[in-house]
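Subject: Structure handover

Hello,

Here is the structure we spoke about. Please open it and keep it beside you while you read the notes that follow.

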Amino acid sequence: MVIIDRDDQFPDVAAVLVARAMWRYRSELAPVYLVAVLAVSGAVLHLTHPEWWPWLLCLATAVAWALAMFGERVGLVRRIERLYAATVTMAGGGWLSAATALGATFRPLPLLLVGGGFVLAVPWWVHRRRRARVRVDRQLAAWPEIAQSVGLAGSRAQSAVVDVWGWRARFALARGQTIQDVIGKVPAIESALGTFRGAVRVAPTRDDKANRFELQVLDTDPHADAIPWPGPSASSITEPIDLGPFEDATGARVLLLRRHGLIGGVAGSGKSGGINVLMGNLSACQDVVIWASDLKRGMELQPWASCIDRLATTPEQARAMLRDAVTVLEARAEWLTASGRRVWDPTPKFPALVIVVDEYAELADDAPDAAGDTDSIARRGRAVAVTLIAATQRPTQKAMGKGAVRSQMDVRVSFRVRERKDVDLILGQGMLNAGWHAHTLNAPGKFLLSAPEHDTPRRGRAYLLTDATVADTAERHAAMRPALDEVSQRALNEARMAPVDEPTVPVTPSRDDRAETALREALKGAPDEGLPIAHLMMLTQLSRPTLYRRLAEAMKTGHAVQVGRGRYKASDHAQ
């Protein structure tokens, strides 16, 4: 008798519960199922077709050989996995052949079946990838409940892949949901999946559909320990440079030819290690001349001095170096025009020029008049293969400036920053809301890379170069460093030998003269949209009223100047 006094469903019978458990734990029970199938098959074949045993033995041998030789085509990527599959196939086929000929109960066949099945089942039970797949399958099966609890009801899993460090899955969102909703739910997803903090990554799918996203879950942090530098990944500036591995073990490879770069991060975030990786690769390129500025008296870049063609350690040297870089790019542009060519193709005879500026904030403070030269390099250096790489520990608005330098940086590497707003300052406006969370990087050397070929937030870790590695690499590469090309060298020599209309006794220019020169150079190289007043004040060190008076005279020359939200040209200078 069953008395029903509630609205609950009828309880499941025992057979349903057992079947459900057998299906849920089908991976763990697979060896038991295989042993049972072999026992039943052996008994049936012995009664019906005992003469088939030679064919069964030949078939087992052929299948085992095929798995050992071509197992990667069916997912057995590792050699040990192919050998295991071939062994199990051969052992099971041999036992089935013997049972077909002699009977499943013929001694010692039952003992061999049970004992051999247990021995061969142990590697299956302890296999890491199998257990990971099972765990992922169960988490995906529970995703509807997880999605309901985190506020993503209606989303569903489409596919999943187990990788070296965890697993990745592709999900479809419900109508009206976007990837921005998923990014905001990352902490809740981590809690629902039971992972450690920072283990979940969310990125758009490769087809870039608005109602899709890819979820990556890490079982262990692949960047927990420092990763030794394996050596240079490029021998030419035309090849991408590997800065370090991403979390999926692929390299963070980026091309620097005809691209300017920005490296940012607070002190202790690993920025210097990233510069060492960059220098180690650039010094291995025989079609690159390296100029560098290190206003910390060469503390960071001095170990690479043998590979650097020109190293500036004072504001005066940095100012002169950047001025010469402008001379080089102008000479190359003139030579290309005369030759009927549009771009400078780097070769050992005509190398590219890469200028690495460490502590760019110090350059902006100690040599503000060099901002015009960096602006010129950023705007005009691409075609003539003059590349600017700027690094700073203090990514403030004053350090980055509002001119052409920051806007022309195609390659941006952000190590850990202290404040959330610094993410947008280094990587670009809106990157923080798009999931580029550089403020959450939790170890020195971890970085986010933004470049034309890297448009999704993926964490990487820069390779580690010890002091001994730096010294050995610099010594090895010093002998193959190229010289500056003849076109550039001739232009520099002519610029140094040109007559200067100055008295023979050096005279220190006055503050007004320096301000006038800085203003004239800035307006001469101003972009079409004009220059902001704040940027001009930083360059000239003038007060706002004095600067306005100077600009009233500059407007007569036809230069455009942006004041507040207004934009004035020579035609309306009377205003």
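First, a definition: a crossing of two helices is called right-handed if the near helix is turned clockwise from the far one by less than a right angle, and left-handed if it is turned anticlockwise. Please also keep in mind that this is a predicted model.

**A right-handed crossing**

The term applies to α11 and α18, whose crossing is right-handed. Helix α11 covers residues 315-339, and helix α18 covers residues 486-497. Their axes come within 9 Å and cross at roughly 125 degrees. An angle between 115 and 145 degrees counts as oblique, so α11 is oblique to α18. On the α11 side, the contact uses D324, T327, V328, A331, R332 and W335. On the α18 side, V487, S488, A491, L492, A495 and R496 take part. Sorted by class, this contact holds seven nonpolar, two polar and three charged residues.

**The α3 and α4 pair**

Helix α3 spans residues 53-70, and helix α4 spans residues 79-102. Their axes are 8 Å apart, and the packing angle is about 180 degrees. Angles over 145 degrees count as roughly antiparallel, so α3 is roughly antiparallel to α4. Among the contact residues of α3 are W53, L56, L57 and A60. From α4, they include R82, A85, A86, M90 and L96. By class, the contact has 13 nonpolar, six polar and one charged residues.

**Annotated regions**

An unreviewed UniProt entry gives the feature "transmembrane region" at residues 29-46, 52-71, 83-103 and 109-126. How does the model fold two of these spans? Residues 83-103 are 95% helix and 0% strand, with end C-alpha atoms 29 Å apart. Residues 109-126 are 100% helix and 0% strand, with end C-alpha atoms 26 Å apart.

**The eight-stranded sheet**

This sheet is open, and its pairing is mixed. The strand order is β9-β8-β10-β11-β7-β12-β13-β14. Strands β9 (310-312) and β14 (459-461) stand at the edges. Each has a single partner strand, so one side of each is left without a neighbour in the sheet. Neighbouring strands are turned by 20 degrees against each other on average, direction ignored. At one end, β13 (residues 446-450) runs antiparallel to β14, and three bridges join them. There, L448 stands opposite R459 of β14.

**The four-stranded sheet**

The second sheet to look at is also open, with the order β1-β2-β4-β3 and antiparallel pairing. Its edge strands, β1 (156-162) and β3 (200-203), each pair on one side only. Neighbouring strands here are turned by 20 degrees on average, direction ignored. Six bridges link β1 to β2 (residues 166-172). V162 has W167 in β2 as its bridge partner. Helix α9 (residues 186-193) packs on this sheet and touches β2, β3 and β4 (212-218). The direction of α9 makes about 135 degrees with that of β3.

**Two backbone details**

Most residues other than glycine have a negative phi, and most peptide bonds are trans. Two places depart from this. The peptide bond between R107 and P108 is cis, with omega about 5 degrees. P108 lies in the loop between α4 and α5 (109-126). R258, a residue other than glycine, has a positive phi near 60 degrees. R258 sits in the loop between β6 (251-254) and β7 (260-264).

Best wishes

Technical notes
Residues numbered from 1 in each chain as written. Predicted model: local features only at pLDDT ≥ 70, side-chain atom pairs only at ≥ 80, totals over all residues. Heavy atoms only, no water. Pairing = 2+ DSSP bridges. Helix = DSSP H or I, 4+ residues; strand = E, 2+ residues; numbered from the N terminus. Axes fitted to C-alpha atoms, helices over the stretch in contact; angles between N-to-C directions. Parallel < 35°, antiparallel > 145°, perpendicular 65-115°, else oblique. Contact = heavy atoms within 4.5 Å. Nonpolar A, V, L, I, M, F, W, Y, C, P; charged D, E, K, R; others polar. UniProt positions renumbered as here; feature names shortened; annotations may be inferred.
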